[in-house]
Amino acid sequence: MLTEVVIWLLNNYEELSAKNKQYVWHPFTQMKDYVAQEPLIIARGEGIKLFDVNGKAYYDGFSSVWLNVHGHNVPELNQAITEQLDQIAHSTLLGMANVPSILLAEKLINLAPKGLSKVFYSDNGATAVEISLKMAFQYWQNRGHTGKHSFITMNNAYHGDTIGATSVGAIPLYHQVYKPLLFSPHVIPYPYPYRQGGEEAAVQATLSSLESLLRDRAHEIAAMIVEPVVQGASGMIIMPDGCLKKIAEMLRAHDVLLIADEVATGFGRTGKMFACEHDGVVPDIMAVAKGLTGGYLPVAATLVTEQIYDAFFADYEEQKTFFHGHSFTGNPLGCAVALANLRLMEERGVVQQVAQKAIVLEQLLGPLYDLPHVGDIRQKGLMAGIELVRDKETKEPYHWNERIGVRVCQVAREKGLLTRPLGNVIVFIPPLVSTTEELADMVRILAESIQDVTTGEVEE
């Protein structure tokens, strides 16, 4: 039941707007632009829609930053949290356990690619990646290979915003300013068929670069980190079939670990439970988050093989312990709702449905190619990006300062759909339970918004 204070706030947009601008610093947001506008303030969610404090409804076209699985305000997930709340809200995993974290670890291992056998909890995708990097580094130290201390990443990679995760990031806009703080990985190209002359040429560029690097430097490289199948924040770049498998084979041949960052791609988003399954790859270390709790609470995990775990399993005096932990690691409320989320996914066949809906979405997005400034449409499962270009023939991009993606998303918001752009790429990542009718209506809004902005019907 809403308190009188909350009811008052819901009816006082101007008051909330002023407090928001006065006290809140928003992530990935230029605040000078933000405070000059009337902010969107969400009050509640129902199904795949969000409602602002003025009562206007919006499709959640980016799953509240790529998280949402079953929609909002799901009775079964709400119940899982309240039932756990009656038992305990939080207890630490440092040297002790709690019931939901044990059961969730078992469930994750049963769902993960066969070969992964242990779960290390954290709070979000960046920390899951940070843990992955530290584990890979210490794995070699514990085994006595002290010279293996560097990493391979891929150009335009994004793995989170902590210092380690930023170090293996490679998007200049996000990462360049922090360079003096970071370690320097080796960088090879992620296959980008649209701008590298097609799939074969793009894959060849990736594999040739990796082969050369491994031949010369494998003795000093601890691991390679990859966004499997879909490189998200770079603009939804799709890795061609078979490429990840070849990467995994080359790394294994040179005794370099593979870290799969499944933070965005895991839990059905690409039409498989994990994107690695598309190529039948079992990584040495796998980071998961986002969809793990259905978009409800911040729980993440790093899964490893028995080989990785064994390198830390030693007598106390050997000091091979993994000295890493977070206050809310394995939080019981988060683990309880994650268990309920995974149970619902199985009962409702969500992953299988995503594979089917992906076909429908591809058919819906296809006509957008006819729009004069749609250069490329990339999609895997219910994870899609529409790249806008100034000239389709030359693939000339819009200049960053034109804010073409921002303007399209602003118009989409006015029409009742929320999403965020990645530069000139319009992101479309709907909740996994979106129906065919809902997908069609959301794509209609996207098409109209792109048309309005790129043909000048909506001025800057």
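In what follows, a residue is called buried when its relative accessible area is under 20%. By that cut-off alanine 126 is buried, because its relative accessible area is 15%. Please keep in mind throughout that the model before you is predicted.

Let me begin with the positions that carry an annotation. In an unreviewed UniProt entry, the annotation "binding site" covers Gly125, Ala126, Asp261, His326 and Ser327. These positions span 203 residues of sequence, and in space they are spread as well, with up to 22.7 Å between C-alpha atoms.

I shall take two of them in turn. Alanine 126, which I have just mentioned, lies in helix α7. If we set aside neighbours within four places in sequence, alanine 126 has contacts with His159, Gly160, Asp161, Thr162 and Ala165.

Glycine 125 also belongs to helix α7, which comprises residues 125–142. Is glycine 125 buried or exposed? Its relative accessible area is 13%, so glycine 125 is buried. Its contacts, again without residues up to four places away in sequence, are His159, Val263, Ala289 and Ala300. His159 therefore appears in the contact list of glycine 125 and in that of alanine 126, the cut-off for contact being heavy atoms within 4.5 Å.

I turn now to the division of the chain. The domain assignment gives domain 1, made of 40–73 + 350–455, and domain 2, made of 76–348. Taken over C-alpha atoms, the centres of domain 1 and domain 2 are separated by 26 Å.

How many residues of each domain take part in the contact between them? There are 35 residues of domain 1 in contact with 35 residues of domain 2. Between domain 1 and domain 2 the buried area is about 2,900 Å², and carbon and sulfur atoms give 60% of that area. On the side of domain 1, the residues that lose the most area to domain 2 are His70, Lys380 and Met383, which together account for 24% of what that side buries.

Polar interactions across this interface were also counted. Between domain 1 and domain 2 there are two salt bridges. Arginine 195 and glutamate 387 form a salt bridge in which the closest N and O atoms are 2.8 Å apart. Several elements give two or more residues to the side of domain 1 that touches domain 2, namely α4 (63–66), α14 (350–365), β13 (374–380), β14 (383–391) and β18 (425–428). In addition, 16 residue pairs are found in polar contact across the interface of domain 1 and domain 2, both residues being at pLDDT 80 or more.

Two further residues deserve a place in this account. The first topic is isoleucine 308, which is located in helix α12, residues 306–310. Isoleucine 308 counts as buried because its relative accessibility is 1%. Beyond residues up to four places away in sequence, isoleucine 308 touches Tyr139, Leu257, Asp284 and Ile285. Methionine 345 is 37 residues from isoleucine 308 in sequence, and the C-alpha atoms of the two are 29 Å apart in space.

The other topic is serine 91. Where is serine 91 found? Serine 91 sits in the loop between α5 (75–85) and α6 (99–111). With a relative accessible area of 15%, serine 91 is buried. Serine 91 touches Asn98 and Pro332, when residues up to four places away in sequence are not counted.

Key: Residues numbered from 1 in each chain as written. Predicted model: local features only at pLDDT ≥ 70, side-chain atom pairs only at ≥ 80, totals over all residues. Heavy atoms only, no water. Helix = DSSP H or I, 4+ residues; strand = E, 2+ residues; numbered from the N terminus. Buried < 20%, exposed > 50% of the residue type's maximum accessible area, 1.4 Å probe, protein only. UniProt positions renumbered as here; feature names shortened; annotations may be inferred. Domains from an automatic or database assignment. Buried area = accessible area lost by both parts, 1.4 Å probe. Salt bridge = Lys/Arg side-chain N within 4 Å of Asp/Glu carboxyl O. Polar contact = N/O pair within 3.5 Å; in protein donor to acceptor, adjacent residues only side chain to side chain.
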